[in-house]
Amino acid sequence: LNANLRGVMESTNESVYAVDTSFRYLMFNHNHKRIMKLLYQADIKVGDYKLDFLKNTEDRKWVKAEIRKAMNGTVFVSEHFISYPKFAGYIQTTFNPIRDESNKIKGVAVFVKDVTERKRFEEIIQSINANMKAVLESTADGILAIDRNYRYTMFNQSHANAMKRLFGKDIKPGDNLLKVLPANLSRVAKAEVSKVFNGQQFSTTIQIDKKSIMDTSYNPIHDERREIIGAAVFISDITDKKKIEEKMKSLNEEQTKQNEQMATQEEELKAALEELSERNFELDQLMYKTSH
């Protein structure tokens, strides 16, 4: 058993060690011994007092406090940033109480993992998400995403405001879109989104009520295997645009009608002038004949 345990401990890249209730080493793997030498210039051995090697360091306080917490029976994970000449980064530490046959705690097993790269990628992802959120919130268009169960996975404030204004609904992630919408719109939404789940990408215009007209674009959301896992919907309120278009159409029709009337009047005027010209000619001829 000890040989198997030692094999497991030495096969991991984590720093693994165990201390008794007096903070003295019960065991450790080669990686932990290397780390203690690298960071604290300590040549450790079983039976050594763990905290002696952390004197005058910022780590001593939290290591002591967290091992004591584990000695009270708590299993937990913590993260800390540490900075030394030969290493600066984030570590994730897992604490597990060690119990004897009578279930009494006789020490703590500690697993320490370098998570600097993970934290760096998390910060990159957070930055990307923050930028994406800024973009989403910078538009007056409503933007939302739902999973294959029609549940909201995200939406911007413009969409939330529209749902409150149009339907009196305060939405939150996880809400079912089909249950939030009125029955008539729910049926339309289900039919349209079903097309998206089949891989279609399209746009449509829908009349929400007597006043509101929305231009809606639907796009599938794929996972890394190109399987469709949801739908993204972009909604533009084109009510004012439609009003302007209708007004322009009405004005154009009125202008066309006026142009036609003017053309008719021009033809009538032209005909009247021609008739007047003919009569003037006849009058001139009459006067000429009379005078001779």
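How exposed or buried is Glu 79? Let's work that out together, along with a few other exercises.

This is a predicted model, so local features need pLDDT of at least 70 and side-chain atom pairs count only at pLDDT 80 or more, while totals for chains, interfaces and linings use all residues. Residues are numbered from 1 along each chain as its sequence is written, and side-chain values use heavy atoms, with hydrogens and water left out.

**Exercise 1. Classify Glu 79 and describe its salt bridge with Arg 118.**

Step 1: Recall the classes: buried means under 20% relative accessible area, exposed means over 50%, and partly exposed lies in between (1.4 Å probe, protein chains only). Glu 79 has a relative accessible area of 31%, so Glu 79 is partly exposed. Arg 118 is also partly exposed, at 32%.

Step 2: Check the pairing. A salt bridge is a side-chain nitrogen of Lys or Arg within 4 Å of a carboxyl oxygen of Asp or Glu. Between Arg 118 and Glu 79, the N to O distance is 2.3 Å.

Step 3: Locate both partners. Helices (H or I, at least four residues) and strands (E, at least two) are DSSP runs, numbered from the N terminus. Arg 118 belongs to helix H4 (residues 116-137) and Glu 79 to strand E3 (residues 76-84), so their bridge ties together parts that are 39 residues apart in sequence.

**Exercise 2. Describe two salt bridges that lie within helices, Glu 137 with Lys 133 and Lys 195 with Glu 192.**

Step 1: In H4, the side chains of Glu 137 and Lys 133 meet at 3.7 Å, N to O. They are four residues apart, which means about one helical turn separates them. Lys 133 is exposed at 51%, whereas Glu 137 is partly exposed at 30%.

Step 2: In helix H7 (residues 183-197), Lys 195 and Glu 192 are three residues apart, again about one helical turn. Their salt bridge has an N to O distance of 3.2 Å. Lys 195 is partly exposed at 35%, but Glu 192 counts as buried at 11%.

Step 3: Recall the reason for this spacing. An α-helix has 3.6 residues a turn, so residues three or four places apart point the same way.

**Exercise 3. Work out the order of the five-stranded sheet and find its edges.**

Step 1: Two strands pair if DSSP finds at least two bridges between them. The open sheet runs E7-E6-E10-E9-E8, with antiparallel pairing.

Step 2: Strand E7 (152-155) and strand E8 (202-207) each have a single partner strand, so one side of each has no neighbour in the sheet.

Step 3: Zoom in on one pair. Strand E9 (residues 213-222) and strand E10 (residues 228-237) pair over nine bridges. Thr 216 has Ile 235 in E10 as its bridge partner.

**Exercise 4. Find what covers the buried residues of helix H5.**

Step 1: List the residues. Ser 158, His 159, Ala 160, Ala 162 and Met 163 are buried in H5.

Step 2: Name the cover. Contact means heavy atoms within 4.5 Å, and the elements covering these residues include H4, E6, E7, helix H6 (177-180) and E10.

Step 3: Look just past the helix. Gly 168, just after H5, takes a positive phi of about 70°.

**Exercise 5. Place Asn 29 and decide whether it is buried or exposed.**

Step 1: Asn 29 sits in the loop between strand E2 (25-28) and helix H2 (30-40).

Step 2: With a relative accessible area of 1%, Asn 29 is buried.
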